[in-house]
Amino acid sequence: MGTIITKEDYLKLKESFTDKKVVLCHGVYDLVHPGHIIHFEEAKKLGDILVVSVTAAKYVRKGPGRPYFNDELRLKVLSSIEYIDYVILSECYTADDIIEIVEPNIYVKGKEYENKNNDITGKIEEEVELVRKHGGEVYYTSGLVFSSTKIINNIFPALSEEVKSFIFNFKKKATLEHIKEYIEKIKNMKVLVIGDAIIDEYVFCNVQGTMSKDLGYSARYQNSEEYLGGSLAIARHIASFSDNVTIMSILGNEENIHSRILNELSNKMRVDMEYSEEFSTIIKKRFISQNEKREEIDKIFVINNLTSPMKIDDSSMEKFKIKLREKIEEYDAVILCDFGHGLIDKEVMQLIESKAKFLALNCQTNSSNYGTNLITKYKRADIFTLDQKELKLAFSDYEQTEKEAFIRLAKHFSGKGLLTRGSKGAMSVENEEIVSCPAFTLKVKDTIGAGDAFFSVASLFVAAGASIEIGLFMGNIAGALATNIVGNKEAVEKVNVLKYASTLLNI
């Protein structure tokens, strides 16, 4: 029987292990199976004390709903195994925190990790170096390899039958190795992101009820946070995949916003902004209520500082156009995010359509531009993305079905398209063929930014030469991950997208 122990308590015991050989195993251990038992038995034979560390749920990157079992249960199951002496919770994405504390004589991994190409995270080599830095060595077990993820996917209700059916069909056309090949291509692509830059302010409050003498809400302020939204958020997603990203937009003259953007983005991409003395950077302030019993947040009210009409001064626009005209043809792909807030006027639109080598288009409808920022104003897009409301607005024919309208829009562009459908998932279209992909998660914190994440990742894969179905699959993964991030607080990271793809394909 093993003892569940904190890192602090282990440090106190550590001094008594000076004459002992300490062996360390690390993993998620979402479901302990025969392969794990054989692994622990072999590991125990290598030394005197076997320590097993478990990645805390907060740091597991296998996608929404994982781990299937919580920290307490996973620790308890491991502590009942006779070969294990101590079980520790690791509060880190890697095993680094545990390796630093335990300083194992031997760090044990399964034989599947002996080939570094199997390491999706790219972090195993760093762990190995850290073990050796502390005087330890690495050992790869020879036992049978099983997969907790595969067992959970097929035996437990972790994936719906609809998702399983889609994955079975998808696996006939693409593998994880194909996806990794495209990720390598994307890494070297030169990508230009163009679009309205937005600052999203989230004001968290506790709604106390309605005002006694009026119809409005009464709420108690808790705290507020600001996130980089609009094209800034899209550029952050893309910069997780490509090493050569440039963002071009126009900002106001607010020094605090300039420094914030440079601090958060300049080490990840080239920030090529035009600054206006007359135009104010767009700020959207959302008042948010967090439900105490579930993670999903509720938006109470939104205000913005958009001008009427939404127009940027001529001087700044002309400088922006000159810069764009000079540089746009240098890039392998242009990611255009038109939020309808003034940056993409008719001349900019025509310039991009005529000069971009590859054009990915997202033309959004929101409360400030409803009915006036239709995607059909564009004549060209190699790949386009929109939602159901935007598709309805594109054509005024209420007799045609959603699929008919989707095919009609693809013909308009002579290109490929992706349609996001909320809890219904997403669809792709190419040559009048439509493929439907179910939503990969219905566990949602915040839908703001999910469509942007979908657009960013799907567009990159198609731009790299992947099929529209791979774009659909990868975009849907990014969207699912984004729904569990509050607003645009964090970017969807490549390693998390790849880990989730591995999880889904393991059925």
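## The six-stranded parallel sheet

In this predicted model, 6 strands make up an open sheet whose order is 1-4-3-2-5-6 and whose pairing is parallel. Its edges are formed by strand 1 (3–4) and strand 6 (137–140), each of which pairs on one side only. Strand 1 runs parallel to strand 4 (residues 86–90) and is joined to that strand by 2 bridges, and within this pair Ile4 stands opposite Val87 of strand 4.

Two helices lie across this sheet. Helix 1 (residues 7–14) crosses strand 2 (22–27), strand 3 (49–55) and strand 4, and its direction makes about 135 degrees with that of strand 4. Helix 2 (residues 34–44) lies across strand 2, strand 3, strand 5 (106–109) and strand 6, running at about 140 degrees to strand 3.

## The four-stranded mixed sheet

A further open sheet consists of 4 strands in the order 9-8-12-13, and here the pairing is mixed. Strand 9 (217–230) and strand 13 are the edge strands, and each has a single partner strand, so one side of each remains without a neighbour in the sheet. On average, and with direction ignored, neighbouring strands of this sheet are turned by 25 degrees against each other.

Within the sheet, strand 8 (residues 197–210) pairs with strand 12 (residues 282–290) in the parallel sense over 8 bridges, and the bridge partner of Ile198 in strand 12 is Ile282. Helix 9 (residues 231–239) packs on the sheet, where it touches strand 8 and strand 9, and its direction makes about 55 degrees with that of strand 9. Helix 10 (residues 255–265) lies across strand 8, strand 9 and strand 12, and runs at about 60 degrees to strand 9.

## Packing of helix 8 and helix 17

Helix 8 (residues 176–187) packs with helix 17 (residues 494–505) at an angle of about 165 degrees, the two axes being 10 Å apart. Because angles over 145 degrees count as roughly antiparallel, helix 8 and helix 17 are described as roughly antiparallel to each other, and helix 8 passes helix 17 in a right-handed crossing.

On the side of helix 8, the contact is made by Leu176, Ile179, Lys180 and Ile183, while helix 17 contributes Lys494, Leu498, Ala501, Ser502 and Leu505. Sorted by class, this contact of helix 8 with helix 17 comprises 6 nonpolar, 1 polar and 2 charged residues.

## Backbone exceptions in loops

Most peptide bonds are trans, and most residues other than glycine have a negative phi. Against that background, a cis peptide bond joins Arg66 and Pro67, with omega at about 0 degrees, and Pro67 is found in the loop between strand 3 and helix 3 (71–79). The peptide bond from Ser308 to Pro309 is cis as well, its omega being near 0 degrees, and Pro309 is placed in the loop between strand 13 (297–304) and helix 11 (314–327).

Glu103, a residue other than glycine, has a positive phi, near 50 degrees. Glu103 lies in the loop that runs between helix 4 (96–102) and strand 5.

## The chain as a whole

Taken together, the protein chain has 17 helices and 19 strands. Its radius of gyration is 25 Å, close to the 23 Å that the globule rule gives for 507 residues, so the chain is as compact as a globular protein of that length. The C-alpha trace of the protein chain spans about 75 × 55 × 45 Å along its principal axes.

Technical notes: Residues numbered from 1 in each chain as written. Predicted model: local features only at pLDDT ≥ 70, side-chain atom pairs only at ≥ 80, totals over all residues. Heavy atoms only, no water. Axes fitted to C-alpha atoms, helices over the stretch in contact; angles between N-to-C directions. Parallel < 35°, antiparallel > 145°, perpendicular 65-115°, else oblique. Left-handed = near helix turned anticlockwise from the far one by under 90°. Contact = heavy atoms within 4.5 Å. Nonpolar A, V, L, I, M, F, W, Y, C, P; charged D, E, K, R; others polar. Pairing = 2+ DSSP bridges. Rg over C-alpha atoms; globule rule 2.2 N^0.38 Å.
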